[in-house]
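Colleague: I am new to this structure and would like to go through it with you step by step. Could you show it to me before I begin asking how you know what you say about it?

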Amino acid sequence: KEVNVNEGLIVAKRHIHMAPQDAEKFGVHDNEEVNVKVFGNRPLVFEGVVVRVNANYKTYMHIDYDEANACGFQKGTFAKIVK
């Protein structure tokens with residue numbers, strides 16, 4: 001589907017960029033949706049996180065500012081993939 005706009009922005013779906021060896025280690029595959037439990041100051045579970053596997057990726061989870069604020073994210077916050 002294609003949309004043409006003169007101005008605007010997108011909100012990307014929460015996702016994890018993952019190196020292939022990490023995908024194997026965590027038992028996930030490209031385009032799989034997983035849940036991620038975040039152990040921050042305000043623990044929560046993000047549902048429907050898309051895993052994107054590529055040899056050029058380092059393993060990082062990408063969330064937006066509102067999601068980061070919701071879990072009290074700080075650099076080094078620990079999270080775990082749960083299925």
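Colleague: What percentage of the contacts in the protein chain with a separation of 6 or more comes from residues 24 or more positions apart?

Modeller: This is a predicted model, and in it residues 24 or more positions apart account for 69% of the contacts with a separation of 6 or more. Along the sequence, the chain follows the pattern β-α-β-β-β-α-β, which comes to 2 helices and 5 strands.

Colleague: How are the strands ordered in the sheet, and what makes β4 and β5 its edge strands?

Modeller: The open sheet of 5 strands has the order β4-β1-β3-β2-β5, with mixed pairing. As for the edges, β4 (60–62) and β5 (79–82) each pair on one side only, and neighbouring strands of this sheet are turned by 35° against each other on average, direction ignored.

Colleague: How do you know that β1 and β3 pair?

Modeller: Two strands pair if there are at least two bridges between them, and β1 and β3 are joined by 4 bridges, so they count as a pair. These two strands run parallel, and I16 stands opposite V51 in β3.

Colleague: Why is E32 called buried?

Modeller: Buried means under 20% relative accessible area, and E32 has 13% relative accessibility, so E32 counts as buried. The place of E32 is in the loop between α1 (20–26) and β2, where E32 is in contact with G27, V49, V50, V51 and K83, leaving aside its neighbours within four places in sequence. Over the whole chain of 83 residues, 25% count as buried.

Colleague: Which residues make up the largest nonpolar core, and which elements give two or more residues to this core?

Modeller: The largest nonpolar core holds 11 residues in all, namely I16, M18, A23, V28, V34, V36, V38, F46, V49, V51 and C71. The elements that give two or more residues to this core are β1 (15–18), β2 (33–38) and β3 (44–53). One of the core residues is V28, and V28 is in contact with M18, A23, V34, V51, I81 and K83, again leaving aside neighbours within four places in sequence.

Colleague: What volume does the largest pocket have, and which element gives the most to its lining?

Modeller: The largest pocket has a volume of about 560 Å³. Of the 17 residues that line this pocket, the closest to its centre are V36, M61, T77, F78 and A79. The elements that give two or more residues to the lining are β1, β2, β4 and β5, and β5 gives the most, with 3 residues.

Key: Residues numbered from 1 in each chain as written. Predicted model: local features only at pLDDT ≥ 70, side-chain atom pairs only at ≥ 80, totals over all residues. Heavy atoms only, no water. Core = buried A, V, L, I, M, F, W, Y, C linked by side-chain atoms within 4.5 Å. Buried < 20%, exposed > 50% of the residue type's maximum accessible area, 1.4 Å probe, protein only. Contact = heavy atoms within 4.5 Å. Axes fitted to C-alpha atoms, helices over the stretch in contact; angles between N-to-C directions. 1 Å grid on protein atoms, 1.4 Å probe; cavity = no way out; pocket = protein on both sides within 12 Å on 5 of 7 lines; lining within 4 Å. Points joined across faces, edges and corners; volume = space filled by probe spheres on them.
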